[in-house]
Amino acid sequence: MAGVQATVRRAGPVLLGLLVVACTAVVPRTPSASTIRTAVAPRLTPVPGAPSPISAAGLPSQTTTAFGPVWDALPSSWPGLPGQSASEIGSDASATLVVKGKPLALAGELRTALRARGWMVDVGSPLEDGSVVLDATRDPAGCLAEARFQPNQPGSNDGTLLVYYGASCPFQ
């Protein structure tokens with residue numbers, strides 16, 4: 001019996017320790033500042049008729065692109081095309097739009113609308129992938145815009161229109 005009592009005496013502190021651990025509330029670990037991730041707002045490209053990132057001065061911000069510095073939105077004076085809508089895929093362009101129709105025909109429609117607003121417009125021949133680029137200029141000197149019509153697939157009736165509206169152009 002003395003052996004049993006000695007075993008109980010030695011096991012007592014261990015059992016007491018296990019009992020304390022089992023009864024202690026588990027507190028979840030608080031993440032450190034380095035493990036907390038902050039969501040980054042995506043950069044969305046505004047489109048005609050949609051809200052745009054207008055600054056306190058009443059003008060949108062600007063971005064430097066391969067085309068050059070551009071406004072981050074299109075002015076209300078920029079003509080829209082029938083059936084165009086905002087693209088969910090952003091770019092560095094002033095606007096990224098989904099359009100319906102053949103690129104060359106759409107470029108012709110936009111050329112007519114821009115000329116009616118005082119722009120000088122040149123439409124290039126279709127490129128190998130079916131894309132068509134429209135270049136436009138107007139006063140003041142240095143005001144340039146470019147519209148790139150890209151079919152989703154060669155011969156497709158729907159595609160993307162990227163508009164680069166130069167930062168040297170008036171925003172009105």
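**Exercise 1. Which glycine just after helix 2 takes a positive phi?** Place helix 2 in this predicted model and describe its buried side.

Solution.
- Glycine 118 is the residue in question, with a positive phi of about 95°.
- Helix 2 covers residues 103-116, which makes 14 residues. From first C-alpha to last, helix 2 reaches 20 Å, close to the 20 Å expected at 1.5 Å a residue.
- The buried residues of helix 2 are Pro103, Leu106, Ala107, Gly108, Leu110, Ala113 and Leu114.
- These buried residues pack against four strands: strand 4 (95-100), strand 5 (120-123), strand 6 (132-138) and strand 7 (143-151).

**Exercise 2. Write down the order of elements along the chain.**

Solution.
- Count the elements: the protein has two helices and eight strands.
- Reading from the N terminus, the elements run α-β-β-β-β-α-β-β-β-β.

**Exercise 3. In what order do the six strands of the open sheet stand, and which strands are at its edges?**

Solution.
- The order in the sheet is 3-4-8-7-6-5, and the pairing is antiparallel.
- Strand 3 (85-86) and strand 5 each have a single partner strand, so one side of each lacks a neighbour in the sheet; these two are the edges.
- Helix 2 packs on this sheet and touches strand 4, strand 5, strand 6 and strand 7. The direction of helix 2 makes about 10° with that of strand 6.

**Exercise 4. Go through the strand pairs from strand 5 to strand 8, giving the number of bridges and one residue pair for each.**

Solution.
- Strand 5 and strand 6 run antiparallel and are joined by four bridges. Valine 123 has leucine 134 of strand 6 as its bridge partner.
- Strand 6 and strand 7 are antiparallel, with seven bridges. Aspartate 135 stands opposite glutamate 146 of strand 7.
- Four residues lie between strand 6 and strand 7, which form a hairpin. In the turn, glycine 142 has a positive phi of about 95°.
- Strand 7 and strand 8 also pair in the antiparallel sense, over seven bridges. Here proline 151 is bridged to glycine 159 in strand 8.

**Exercise 5. Which residues of the largest nonpolar core touch the most other members?** Then trace the elements that supply the core.

Solution.
- The core has 27 residues, and Trp78, Trp119 and Tyr165 touch the most other members.
- At least two core residues come from each of strand 4, helix 2, strand 5, strand 6, strand 7 and strand 8 (158-165).
- For the protein as a whole, 33% of the 172 residues count as buried.
- Among contacts with a separation of 6 or more, 51% join residues 24 or more positions apart.
- The accessible surface comes to about 10,800 Å², and carbon and sulfur atoms account for 61% of it.

**Exercise 6. Threonine 64 and threonine 160: is each buried or exposed?**

Solution.
- Threonine 64 lies in strand 1 (residues 62-64). Its relative accessible area is 67%. The cut-off for exposed is over 50%, so threonine 64 is exposed.
- The C-alpha of threonine 64 is separated by 9.5 Å from that of alanine 93, which is 29 residues away along the chain.
- Threonine 160 is found in strand 8. Its relative accessible area is 19%. Buried means under 20%, so threonine 160 is buried.
- Leaving aside residues up to four places away in sequence, threonine 160 touches Thr96, Leu97, Val99, Arg148, Phe149, Gln150 and Asn152.

Note on methods
Residues are numbered from 1 along each chain as its sequence is written. This is a predicted model: local features need pLDDT of at least 70, side-chain atom pairs count only at pLDDT 80 or more; totals for chains, interfaces and linings use all residues. Side-chain values use heavy atoms; hydrogens and water are left out. The expected span of a helix is 1.5 Å times one less than its number of residues. Buried means under 20% relative accessible area, exposed over 50%, partly exposed in between (1.4 Å probe, protein chains only). Contact means heavy atoms within 4.5 Å. A nonpolar core is a set of buried Ala, Val, Leu, Ile, Met, Phe, Trp, Tyr and Cys residues joined through side-chain atoms within 4.5 Å. Two strands pair if DSSP finds at least two bridges between them. Axes are lines fitted to C-alpha atoms, for helices over the stretch in contact, and angles run from 0 to 180 degrees between N-to-C directions. Accessible areas come from the Shrake-Rupley method with a 1.4 Å probe; for residues, only the protein chains shown count as cover.
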